[in-house]
Amino acid sequence: MAEITVNKVLDAKGLACPMPIIKTKKEIQTLEPGQIIEIQATDKGSKADLEAWAKATGNQYIGMIEDGDVLKHYLRKADPAELKEETMHPHVVTIDELQEKVNGDEKITILDVRESAEYAFGHIDGAKSIPLGELEERFEELEKDSDIHVICRSASRSDVAAQQLTEKGYTTKNVLGGMKDWKGSLNKLN
């Protein structure tokens with residue numbers, strides 16, 4: 001395998017979403033356009049998160065190499081002409097509003113885009129699991145006429161997922177606060 005030359009290495013090992021993205025946003029600002037950053041992460045969801053973030057901002061996600069338990073991601077900082085302004089999904093609900101809908105037996109679809117392990121250790125009753133990294137291949141599992149509330153741990157991945165689904169014609173809301181602020185009951189797989 002050819003040697004990869006990078007301009008900066010970011011240690012994001014041991015950090016969970018959204019911290020690898022937050023640190024990447026900060027560090028990539030120190031690079032010149034066209035330079036490469038290597039992000040070392042252990043969060044299995046970091047691939048989908050960083051790919052989606054790069055796509056949303058215009059930076060180039062080059063690829064990933066697994067080195068034992070460490071995932072090495074490579075991103076190229078975009079030229080100013082390639083950069084996009086990072087946008088947030090305009091349709092949101094708070095975690096308290098979602099709780100009211102669940103308690104009121106309102107018919108909604110809850111889409112949980114966290115990794116399957118995160119879902120297994122606690123999810124909202126009835127929530128459908130499609131990790132963000134699988135959404136492009138599995139979005140047709142969702143009913144198009146449903147009011148979809150997208151949730152993740154902290155509302156970062158769910159924001160990206162809500163934007164992707166809206167582009168495909170779905171009606172979505174990003175749940176602010178995410179599962180870290182959920183106070184309702186949880187289903188756990190045994």
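This text walks through a sheet, the helix packed on it, and two single residues. The model is predicted.

Start with the sheet. It is open and has 4 strands, in the order 1-2-4-3, with mixed pairing. Strand 1 (8–12) and strand 3 (60–67) form its edges, and each of them pairs on one side only. Between neighbouring strands of this sheet, the average turn is 20 degrees, direction ignored.

Now look at strand 2 and strand 4. Strand 2 covers residues 36–41, and strand 4 covers residues 70–76. The two run antiparallel, and 6 bridges join them. Within this pair, Ala41 stands opposite Leu71 of strand 4. Helix 1, residues 19–28, packs on the sheet. This helix touches strand 1, strand 2 and strand 4. The direction of helix 1 makes about 155 degrees with that of strand 1.

Next comes Ser154. It sits in the loop between strand 8 (147–151) and helix 6 (157–167). Its relative accessibility is 16%, so Ser154 counts as buried, since the cut-off for buried is under 20%. Neighbours within four places in sequence aside, Ser154 is in contact with Cys17, Pro18, Gly177, Gly178 and Lys180.

Leu186 comes last. Find it in the segment after strand 9 (171–176). Leu186 counts as partly exposed because its relative accessibility is 40%. Not counting residues up to four places away in sequence, Leu186 touches Gly122, His123, Ile124 and Met179. Glu85 is 101 residues from Leu186 in sequence. In space, Leu186 and Glu85 are 36 Å apart, C-alpha to C-alpha.

Technical notes: Residues numbered from 1 in each chain as written. Predicted model: local features only at pLDDT ≥ 70, side-chain atom pairs only at ≥ 80, totals over all residues. Heavy atoms only, no water. Buried < 20%, exposed > 50% of the residue type's maximum accessible area, 1.4 Å probe, protein only. Contact = heavy atoms within 4.5 Å. Pairing = 2+ DSSP bridges. Axes fitted to C-alpha atoms, helices over the stretch in contact; angles between N-to-C directions.
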